[in-house]
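Biologist: Please take one part of this chain and go through it closely, starting from the overall layout. I would like the surroundings of that part included.

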Amino acid sequence: MRRTIVIAVFVLTSASIALGQSPRARWDRKSIEQVIKQLDHERIQAQIESDVAVLERIYAADFIGVGPSGAVRTKPQVISDFTSGELKFLSITTDEVQVRIYGNTAVETGRSTMNGQDKGKAVPRDNRFTRVWVKQQGHWRLVLNHYSPLIMQQ
C-alpha cells in the first residue's frame, strides 16, 4: 500500500511539474520564432537596401551562404558584394516559413521569391531556403543560409 502511495505521489508531482513548465516552454518558442522572423525581415530589407551595417549585425562572423547556383560566400564576401553593387535585389518575399527551435539554435525553412542580379546575372527567382540561427552572446546570429532552386512541375 505504501509503495502504491509513493508511486502515485511521484507520478502526480512529475505530471504537475511537466504541465507547469509546458505553457512557458510554448511561450518561449513562440517568442523566439517571432524574434527569428523579425530578424529575417530586417535582413531581407537590408539586402534590398544594401544596408551593410544591418547585415554586419545579423550575420555571424563565421557565416556561410550557399546561393541557388551553388556559389559559397563568407560574411566578408557577402558584405563586399553588397557594397560593390555586384549583388543587388529589387525584391525578396518569403512564405511557408517555419522556425524550429533546438536550445540556442533555430532552423528556419521556407520558400523565397527573389528579383535581383548577382554579378550581372539574374538570381534564380523561386527557391526553397534553410537558414540556421545561433544565439551568440545573447543575440541571434545567422550562421548558414542555403538556397535550392525550386523547379516547377508542368
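**Arg 73, the pocket and the rest of the fold**

Modeller: From the N terminus on, the order of elements is α-α-β-β-α-β-β-β-β-β. That comes to three helices and seven strands in the chain. The model is a predicted one. The part taken up here is Arg 73, found in strand β2, which spans residues 72-74.

Is Arg 73 buried or exposed? Arg 73 has a relative accessible area of 12%, and it counts as buried because that value is under the 20% cut-off. Its side chain makes a polar contact of 2.5 Å with the side chain of Asp 81. Another polar contact, also given as 2.5 Å, joins the side chains of Arg 73 and Asp 118. Asp 81 falls within α3, residues 75-84, and Asp 118 within β4, residues 105-118.

Beyond four places in sequence, Arg 73 is in contact with Phe 63, Ile 64, Gly 65, Val 78, Asp 81, Leu 87, Asp 118 and Lys 119. For Phe 63, the separation from Arg 73 is ten residues in sequence and 8.3 Å in space, C-alpha to C-alpha.

Arg 73 also belongs to the lining of the largest pocket, where it is among the residues nearest the centre, together with Gly 67, Pro 68, Leu 87 and Asp 118. The lining has 26 residues in total, and the space in this pocket is about 420 Å³. Two or more lining residues come from each of β1, β2, α3, β3, β4, β5 (121-122) and β7. Two of the contact partners of Arg 73, Leu 87 and Asp 118, are thus also named among the residues nearest the pocket centre.

The next feature is the largest nonpolar core. It has 27 residues, and those with the most contacts inside it are Ile 36, Tyr 59, Phe 89, Ala 106, Trp 133 and Trp 140. At least two core residues are supplied by each of α1, α2, β1 (59-66), α3, β3, β4, β6 (126-136) and β7 (139-149). Helix α1 gives the most, with six residues. In soluble globular proteins, nonpolar side chains tend to be buried together.

Phe 89, one of the core residues just named, is in contact with Gln 47, Ile 48, Phe 82, Met 114, Asn 115, Gly 116 and Val 123, leaving aside neighbours within four places in sequence.

A second arginine, Arg 43, is found in helix α1. Its relative accessibility is 0%, so Arg 43 counts as buried. Residues up to four places away aside, Arg 43 touches Leu 55, Ile 58, Tyr 59, Arg 131, Leu 142, Asn 145 and Tyr 147. Among these, Tyr 59 is also one of the core residues with the most contacts.

Helix α1 covers residues 2-49 and also holds Lys 37. Lys 37 has a relative accessible area of 39% and is therefore partly exposed. Outside the four places on either side in sequence, Lys 37 is in contact with Val 97 and Val 99. Lys 37 and Val 97 are 60 residues apart in sequence, with 8.5 Å between their C-alpha atoms.

After α1, Ser 50 lies in the loop that leads to α2 (52-58). Phi of Ser 50 is near 50°, a positive value in a residue other than glycine. At 24% relative accessible area, Ser 50 is partly exposed.

Glu 96, in strand β3 (residues 87-102), likewise has a positive phi, about 55°, although it is not a glycine. Glu 96 is partly exposed, its relative accessible area being 45%. One residue that touches Glu 96 is Thr 109, which lies in strand β4. Thr 109 is buried, with a relative accessible area of 18%. Its other contacts, residues up to four places away not counted, include Val 97, Gln 98, Arg 100, Phe 129 and Thr 130.

For the chain as a whole, buried residues make up 32% of the 154 residues. The exposed area is about 9,700 Å², of which carbon and sulfur atoms supply 57%. Of the contacts with a separation of 6 or more, 49% are between residues 24 or more positions apart.

Terms used. Residues are numbered from 1 along each chain as its sequence is written. This is a predicted model: local features need pLDDT of at least 70, side-chain atom pairs count only at pLDDT 80 or more; totals for chains, interfaces and linings use all residues. Side-chain values use heavy atoms; hydrogens and water are left out. Helices (H or I, at least four residues) and strands (E, at least two) are DSSP runs, numbered from the N terminus. Buried means under 20% relative accessible area, exposed over 50%, partly exposed in between (1.4 Å probe, protein chains only). Contact means heavy atoms within 4.5 Å. Accessible areas come from the Shrake-Rupley method with a 1.4 Å probe; for residues, only the protein chains shown count as cover. A polar contact is a pair of N or O atoms within 3.5 Å; within protein, one must be able to donate a hydrogen and the other to accept it, and residues adjacent in sequence count only if both atoms are side-chain atoms. A nonpolar core is a set of buried Ala, Val, Leu, Ile, Met, Phe, Trp, Tyr and Cys residues joined through side-chain atoms within 4.5 Å. On a 1 Å grid over the protein atoms alone, a cavity is a set of points where a 1.4 Å probe fits but cannot get out, and a pocket is an open set with protein on both sides within 12 Å along at least five of seven lines; lining residues have an atom within 4 Å of a point. Grid points are joined across faces, edges and corners, and a volume is the space filled by probe spheres set on the points.
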